[in-house]
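Please consider the sequence and the three-dimensional structure shown below. The paragraphs that follow lead through individual residues, the sheet, the nonpolar core and the surroundings of the ligand.

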Amino acid sequence: MGFDRYFDKRSGRFSGFYGKEGMTRALGRGALFDRLRYAVDTAVSTGAKSVLDVGCGSGPLFEPLASKGIAVTGLEPAPSMLQLARVEAARFPDLIDVQDGSWADLDARDTYDMAVALGVFDYVETPADLLTRLGAAATSVVASFPAPGLRTEFRKVRYRMGDVAVFGYERPRILELAAAAGLRANDVRPLGRAGYAVHFVRLPSS
Ligand SMILES: C[S@@+](CC[C@H](N)C(=O)[O-])C[C@H]1O[C@@H](n2cnc3c(N)ncnc32)[C@H](O)[C@@H]1O
């Protein structure tokens, strides 16, 4: 099963984590908020005016970015997530657009100031391809990566029941992926046991 189908079945449960931050932190899922804030802070500090949010889910990035005047294009293939994202996007009709689609078909070139993928590399078998596409769409990329370890091993078991593979990334592997995609890791921010949030910038082409 692709992870779009997995999240299609669990859109309500997953988006529910964004309801009450205190409760979500108590459940050990606080990194969901930390990585959102990291993406928003990076967008603001780099002066981004347009953001591509790949695997946007229910759209938890929409409000924090739109409230700062930043336009967002959400890309999402899971129908029930897409529905939630469209409801959220309707609050900011001038700034948010949601598209039905997969990162695998993404061929944008310098269309956005920043491309974001939060909670997506976890499930992707070809991460170099995803990072390359993000780095072509924008010169600045923010993505989250789960670290290998007990937490990821537990997730592997849980997701295997849904027929979805989960991948963990060591810091050297992230740097290797960056180089393969023609990017440099400008900042690698640990997210506790949850892994890393990373800001990549495109290397000048020689
Ligand atoms: C863990 S959720 C993260 C959602 C959101 N980025 C967040 O931080 O809350 C992963 C999302 O990626 C979406 N997804 C699955 N397959 C995808 C694909 N091929 N291209 C883009 N997104 C995909 C899932 O449907 C799901 O909404």
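Arg155 counts as partly exposed because 17 C-beta neighbours lie inside 10 Å, whereas a buried residue would need 20 or more. The model in which this count was made is a predicted one. Arg155 belongs to helix H8, which spans residues 150-160. Between the C-alpha atoms of Arg155 and Ala71, which are 84 residues apart along the chain, the separation is 33 Å.

Asp110 offers a second case. This residue lies in the loop between E3 and E4, and it counts as exposed because it has 10 C-beta neighbours inside 10 Å, the limit for that class being 12 or fewer. Its backbone also deserves attention: Asp110 is not a glycine, yet its phi is positive, at about 50 degrees. Most residues other than glycine have a negative phi.

Is Ala39 buried or exposed? Ala39 is buried, because 26 other C-beta atoms lie within 10 Å. The residue is part of helix H4, residues 31-45. Leaving out residues up to four places away in sequence, Ala39 touches Leu61, Val116, Leu118 and Val142. Phe3, by contrast, is 36 residues from Ala39 in sequence and 22 Å from it in space, computed from C-alpha to C-alpha.

The contact with Val116 leads from Ala39 to the strands. Once neighbours within four places in sequence are set aside, Val116 is in contact with Ala39, Val51, Leu52, Asp53, Val54, Leu61 and Val142. Val116 falls within strand E4, which covers residues 114-117.

The strands form an open sheet of 7 members in the order E3-E2-E1-E4-E5-E7-E6, and the pairing is mixed. At the edges are strand E3 (96-100) and strand E6 (183-190), each of which pairs on one side only. On average, neighbouring strands of this sheet are turned by 20 degrees against each other, direction ignored. Strands of a sheet pair through backbone hydrogen bonds, either parallel or antiparallel.

The pairings can be followed strand by strand. E2 and E3 run parallel and are joined by 5 bridges; in this pairing, Thr73 has Asp97 of E3 as its bridge partner. E2, residues 71-76, also pairs with E1 in the parallel sense, over 5 bridges. Within that pairing, Ser50 is partnered by Ala71 and Val54 by Leu75. E1 is further joined to E4 by 3 bridges, again in a parallel arrangement, and Leu52 stands opposite Ala115 there. An antiparallel pairing occurs between strand E5 (residues 140-145) and strand E7 (residues 196-202), which share 6 bridges. Ser140 stands opposite Val201 in that pair.

Helices pack on this sheet. H6 touches E2 and E3, and its direction makes about 165 degrees with that of E3. Helix H9, residues 171-180, touches E5, E6 and E7, and its direction makes about 155 degrees with that of E6.

Why are E1 and E2 described as largely enclosed by the rest of the structure? For E1 (residues 50-54), the reason is that 4 of its 5 residues are buried. For E2, 5 of the 6 residues are buried, so the same description applies.

The burial of residues can also be viewed through the largest nonpolar core, which has 57 residues. The members that touch the most others are Val51, Val54, Met114, Ala115, Val116 and Leu134. Helix H6 (residues 79-89) gives the most to this core, with 5 residues. In soluble globular proteins, nonpolar side chains tend to be buried together.

The final topic is the ligand. Around it are 20 residues, of which Gly55, Gly57, Ala78, Ser102 and Gly119 come nearest. By class, the shell divides into 13 nonpolar, 5 polar and 2 charged residues. Helix H1 (3-9) and E2 each supply at least two residues of this shell, and the largest share, 3 residues, comes from H1. E2 therefore appears in both settings, as a largely enclosed strand and as a contributor to the shell around the ligand.

Technical notes: Residues are numbered from 1 along each chain as its sequence is written. This is a predicted model: local features need pLDDT of at least 70, side-chain atom pairs count only at pLDDT 80 or more; totals for chains, interfaces and linings use all residues. Two strands pair if DSSP finds at least two bridges between them. A residue is near a molecule or strand if its C-beta atom, placed from the backbone, lies within 6 Å of it. Ala, Val, Leu, Ile, Met, Phe, Trp, Tyr, Cys and Pro count as nonpolar, Asp, Glu, Lys and Arg as charged, and the others, Gly among them, as polar. A nonpolar core is a set of buried Ala, Val, Leu, Ile, Met, Phe, Trp, Tyr and Cys residues joined through C-beta atoms within 7 Å. Two residues are in contact if their C-beta atoms, placed from the backbone, lie within 7 Å. Axes are lines fitted to C-alpha atoms, for helices over the stretch in contact, and angles run from 0 to 180 degrees between N-to-C directions.
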